[in-house]
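Subject: Structure handover

Hello,

Here is the structure you asked about. Please open it first and keep it on screen while you read my notes below.

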Amino acid sequence: MARFMSISTINEMDLGTFLSNFGEVAEDSSWVARQAFEYAPFQNLTALIDAFKASVLNSDVDRQLDLICCHPDLAGKAAIAGELGKDSTDEQKQAGISALSKEEFARFTDFNTRYKDKFGFPFILAVKGATKEIILDAFSKRVDNGKPEEFKEALKQICKIMQFRLEARVAK
């Protein structure tokens, strides 16, 4: 994957090349990039980001739930086992999640379990620029929300994650 591609380079891509560069922008959900490709050509980075967001937000609820469920728990089993994708690994490491104390890990585990038990999907937070304290605070506030509110918030956070990942790949 090339870093900081130009929009003109992206607009010259066929679907296969587009998917190889952007297929994992939405966690384990290349269908998002496939649908975003249909909005090409893109005028600029904002248009590309908007295409990814539209792909998610204009999808049916079942597909959105599948996308939410593709996201790993923060400080969860996949992270411990080294099974996260590169983007997720880097994002969790930057937020300090890869270096938790036993007490912090126990808090993350408790919140992950409570959240999933209540909502049926993992807690999603765009962790770029966040600290483990900010993440734990968000957990504690959001675990008491209602399911419709959290579903909407999960999609909002996924859109932020995609935006950050696209900004890391595409020249402005």
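Start with helices α5 and α10. This is a predicted model, and in it the axes of α5 (residues 61-69) and α10 (residues 147-167) come within 10 Å. They cross at roughly 65°. The crossing of α5 past α10 is left-handed. From α5, the contact uses Val61, Gln64, Leu65, Leu67 and Ile68. From α10, Phe151, Ala154, Leu155 and Ile158 take part. Sorted by class, that contact has 8 nonpolar residues, 1 polar residue and no charged ones.

Now the loop between α8 and α9. Two residues there are worth a look. Phe121 sits in this loop. Phe121 is buried, because its relative accessible area is 1% and the cut-off for buried is under 20%. What does Phe121 touch, beyond its neighbours within four places in sequence? Its contacts include Leu65, Ile68 and Cys69. Tyr115 and Lys116 are also among them. So are Lys147, Glu150, Phe151 and Ala154. Leu65 is 56 residues away from Phe121 in sequence, yet the two C-alpha atoms are 7.7 Å apart. Leu65, Ile68, Phe151 and Ala154 also belong to the contact of α5 with α10.

Gly120 is in the loop between α8 and α9 too. With neighbours within four places left aside, Gly120 contacts Cys69 and Tyr115. Cys69 and Gly120 are 51 residues apart along the chain. Their C-alpha atoms are separated by 8.5 Å.

Next, the overall layout. The protein has 10 helices and 0 strands. It has 172 residues, and 45% of them count as buried. Take the contacts with a separation of 6 or more: 71% of these join residues 24 or more positions apart.

The largest nonpolar core holds 50 residues. Which of them touch the most other members? They are Ile10, Phe18, Phe22, Leu48, Phe52, Ile135 and Met162. The elements giving two or more residues to this core are α1 (7-11), α2 (15-22), α3 (30-37), α4 (45-57), α5, α8, α9 and α10. α10 gives the most, with 8 residues.

Phe52 is a good place to look inside this core. Outside its neighbours within four places in sequence, Phe52 contacts Phe18, Phe22 and Val25. Phe52 also contacts Val32, Ala33 and Ala36. Met162 and Leu166 are further contacts of Phe52.

Two helices show their buried sides well. In α9 (residues 132-142), the buried residues are Lys132, Ile135, Leu136, Ala138, Phe139 and Arg142. Viewed down the axis of α9, these buried residues fall within an arc of 160°, so they line one face of the helix. They pack against α8 (102-119) and α10. An α-helix has 3.6 residues a turn, so residues three or four places apart point the same way.

In α3, Trp31, Val32, Ala33 and Ala36 are buried. The buried residues of α3 pack against α2, α4, α5 and α10. Val32, Ala33 and Ala36 are among the contacts of Phe52 listed above.

Two points of backbone geometry stand out. Most residues other than glycine have a negative phi, and most peptide bonds are trans. Asp28 is not a glycine, but its phi is positive, at about 50°. Asp28 lies in the loop between α2 and α3. Is Asp28 buried or exposed? Asp28 counts as exposed, because its relative accessibility is 52% and the cut-off for exposed is over 50%.

The other point is the peptide bond joining Ala40 and Pro41, which is cis. Its omega is about 0°. Pro41 is in the loop between α3 and α4.

Last, Asp90. Asp90 is part of helix α7 (residues 86-94). Asp90 counts as partly exposed, at 36% relative accessibility. Lys128 and Asp90 are 38 residues apart along the chain. Their C-alpha atoms are separated by 9.3 Å.

Best wishes

Technical notes:
Residues are numbered from 1 along each chain as its sequence is written. This is a predicted model: local features need pLDDT of at least 70, side-chain atom pairs count only at pLDDT 80 or more; totals for chains, interfaces and linings use all residues. Side-chain values use heavy atoms; hydrogens and water are left out. Axes are lines fitted to C-alpha atoms, for helices over the stretch in contact, and angles run from 0 to 180 degrees between N-to-C directions. Helices (H or I, at least four residues) and strands (E, at least two) are DSSP runs, numbered from the N terminus. A crossing is left-handed if the near helix is turned anticlockwise from the far one by less than a right angle, and right-handed if clockwise. Contact means heavy atoms within 4.5 Å. Ala, Val, Leu, Ile, Met, Phe, Trp, Tyr, Cys and Pro count as nonpolar, Asp, Glu, Lys and Arg as charged, and the others, Gly among them, as polar. Buried means under 20% relative accessible area, exposed over 50%, partly exposed in between (1.4 Å probe, protein chains only). The arc is that of the directions from the helix axis to the C-beta atoms. A nonpolar core is a set of buried Ala, Val, Leu, Ile, Met, Phe, Trp, Tyr and Cys residues joined through side-chain atoms within 4.5 Å.
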